[in-house]
Amino acid sequence: MQSAAAETMNPAAVQSAAAEKHGRSRKKKKMNNVNTSSSPSSGKKRKGDDDDLRMEKPNKKSKGKVQLSNDNEVIAAAGENLTVAGGGDVGSGKVAVTASFLSDSRFDECSVSPLSLKGVKDAGYEKMTIVQEATLPVILEGKDVLAKAKTGTGKTVAFLLPSIEVVVKSPPSDPGQSQTPILVLVVCPTRELARQAAAEATKLLKYHPTIGAQVVIGGTKIVSEQKRIQKNPCQILVATPGRLKDHIAKTAGFASNLMGLKTFVIDEADRLLDMGFRKDIEEIITSVPKQRQTLMFSATIPKAVHQVCNVALKKDYEFINTVQEGTEETHSQVRQMHLIAPLDKHFSLLSVILKEHIADEVDYKVLVFCTTAMVTSLVASLLGKLDLNVREIYSRKKQGFRNRVSDEFRKSKRLILVTSDVSARGVDYPDVSLVVQLGIPADKELYIHRLGRTGRIGKEGKGILLLAPWEEFFLASTKDLPIEKAPVPSVDPDTEKKVEMTLSNVKMRFKKPAYKSLLGYYSTHEKCEKFKKKFGELANELSRCMGLDTPPAVSRLLLSKWGLENVPGLCSK
Ligand SMILES: Nc1ncnc2c1ncn2[C@@H]1O[C@H](COP(=O)(O)OP(=O)(O)OP(=O)(O)O)[C@@H](O)[C@H]1O
């Protein structure tokens, strides 16, 4: 437990005490309100054998509030960045709220090498974000850190910059060595995220010509990766877990190269420590030195993660929470709405929502999240036929296609990206104006991450969750988020007819797999267990909404895998 003294201190005073302990003298200026540390629990199981396919299955996790613990020190927090009013004394406790994501501290005020600072400046960063300000000094000191900060607030730079400093401070590698040792390893749950983190590292390394960041991800030829990491400096390696394990097992010299590792970063820590990935992470940990620094970052850190993070972190790790306890984990500048309507109205409503948004926002940029890859494909096909400017991305697409679509969406305006959960976490698409979520996400955390693709770095945005009436139960888990109930927009008969006609022209090869995948999605969703007896009715609804006359037959094997074998009304073959 936290000490009695700390409990009675006001937030600014606790911040000050923590800063003092770390030898940092703080100015009497903007202070972050303080929150909390960690506690143990357990994760639950997820299936799948490919990094990204695992992203597309419902996430079954236990939840709970973060508790205080003795080992892990309280440092800093600011949901909407609480500030000490009037430059008051530290400890005065008088706070005024600002909505800034930036701190008052500048990068050039902290002990980072001049060449890294030049890279930071060229990247356009001057002041640190709240999470960067809170974590940088602690990480530079060499401590293990578990950090929680809202989506789009600069966590990537927060772990990359001090990691680069680790490489800068390391003695140059032995000239006789054929390969540079890997000193920093960053693990990300999706390929898009890994590519993005490596690109950010490369940007920051602009003035360090001898330091290199490489990325290894599934879906690409392992041989070309082997050549690339052998030919180029690779002190910093960013990887997805599956491909990393492949390299450990198959790439000559790779495992011994990892033995020099100094810093291990687990991005999207809660995702990587839930059961779908935990085994991989545990295996990876056995391949890196025990004596290392470990950093874990995420926008959501449920209680279960605190219980398993000792898998990777030293006992005395610090939990740095910049989301103040009791405040929302989402951004106040993002308006969140939910809309409840019968499933068979969803596609026409989606088209109305998108068309209204396009009419309102000249430079619209929309993400539409679907629950499965096959539904993503169906929705993209439908919206394309409705003359909307649409792209699609999901795990089953070839990696080259995914890279192209992702890069295009990053740079574009006036585009809709229909996506599975491969885009849910971490991906930084600038200026997304609207996020639509079709159907219940796996859990509250995923809702937050998907929504977090808009409203990044202080920008405004909008989120709409479109649910069927029976899915309304999901809102009980998001009670602490400001999701307004939106009136269902009226759909004029012409639009309805057009959507219906268009849907009837969508090929069966899209509809049947989409139906099956949705049935599978709901039947394996932790929170849908209680509805299973009614899945016969759901099957009718799902098939109707896809423009199918009757629910397609599903193999007995699948029905039994999904626990639906004795459910009346489901056709098997
Ligand atoms: N100090 C800074 N000043 C201004 N912009 C910054 C700063 N640091 C990072 N950024 C920018 O902020 C954006 C969001 O950063 P990043 O993707 O790291 O967020 P995140 O907190 O990891 O989000 P998520 O939780 O979704 O993964 C990026 O475009 C990045 O370039």
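**Domains, cores and internal spaces of the predicted model**

Of the 573 residues in the protein chain, 60% are buried. The model described here is predicted. Its secondary structure comprises 21 helices and 18 strands. Among contacts in the protein chain with a separation of 6 or more, 78% join residues that stand 24 or more positions apart. The domain assignment divides the chain into domain 1 (99–321), domain 2 (329–505) and domain 3 (508–562).

A good place to begin is the pairing of domain 2 with domain 3. The C-alpha centres of these two domains are 21 Å apart, and their contact involves 20 residues from domain 2 and 20 residues from domain 3. The largest nonpolar core, with 71 residues, has Val 368, Leu 519 and Tyr 522 as the members with the most contacts inside it. Both domain 2 and domain 3 contribute at least three residues to this core. Apart from this core lies another, made of 43 residues, including Ala 134, Ala 147, Phe 159 and Ala 213.

Leu 519 gives a closer view of the 71-residue core. Leaving aside residues up to four places away in sequence, Leu 519 touches Phe 535, Ala 539, Leu 542, Val 554, Trp 562, Leu 564 and Leu 570. Three of these partners, Phe 535, Ala 539 and Leu 542, are also buried residues of helix α20, which spans residues 535–545. The other buried residues of α20 are Gly 536, Leu 538, Ser 543 and Cys 545. Helices α14, α18 (493–505) and α19 are included in what covers the buried residues of α20. After α20 comes Gly 547, with a positive phi near 75 degrees.

Attention now turns to the enclosed spaces. The structure holds 7 cavities of 30 Å³ or more, and the largest cavity contains about 150 Å³ of space. Its lining is formed by Leu 343, His 346, Phe 347, Cys 370, Thr 371, Val 375, Leu 438, Gly 439, Leu 518, Tyr 522, Cys 545 and Met 546. Tyr 522 is thus met twice, as a residue with many partners in the largest nonpolar core, where it is listed among those with the most contacts, and as part of this lining. By class, the lining has 9 nonpolar residues, 3 polar residues and no charged ones. Helices α14 (346–360) and α19 (508–524) each provide at least two of the lining residues. Because domain 2 and domain 3 both give residues to the lining, the largest cavity lies between them.

The open spaces bring domain 1 into the picture. The largest pocket has a volume of about 850 Å³ and a lining of 45 residues. Nearest its centre lie Tyr 125, Thr 156, Glu 200, Asp 428 and Arg 456. Residues of domain 1 (99–321) and domain 2 (329–505) both take part in the lining, so the largest pocket lies between these domains. At least two lining residues come from each of β4 (127–129), α6 (155–169), α7 (191–204) and α16 (399–411). The largest share, 8 residues, is supplied by α7. In terms of class, 17 residues of the pocket lining are charged, 14 are polar and 14 are nonpolar, whereas the lining of the largest cavity has no charged residues.

Methods: Residues numbered from 1 in each chain as written. Predicted model: local features only at pLDDT ≥ 70, side-chain atom pairs only at ≥ 80, totals over all residues. Heavy atoms only, no water. Core = buried A, V, L, I, M, F, W, Y, C linked by side-chain atoms within 4.5 Å. Buried < 20%, exposed > 50% of the residue type's maximum accessible area, 1.4 Å probe, protein only. Domains from an automatic or database assignment. Contact = heavy atoms within 4.5 Å. 1 Å grid on protein atoms, 1.4 Å probe; cavity = no way out; pocket = protein on both sides within 12 Å on 5 of 7 lines; lining within 4 Å. Points joined across faces, edges and corners; volume = space filled by probe spheres on them. Helix = DSSP H or I, 4+ residues; strand = E, 2+ residues; numbered from the N terminus. Nonpolar A, V, L, I, M, F, W, Y, C, P; charged D, E, K, R; others polar.
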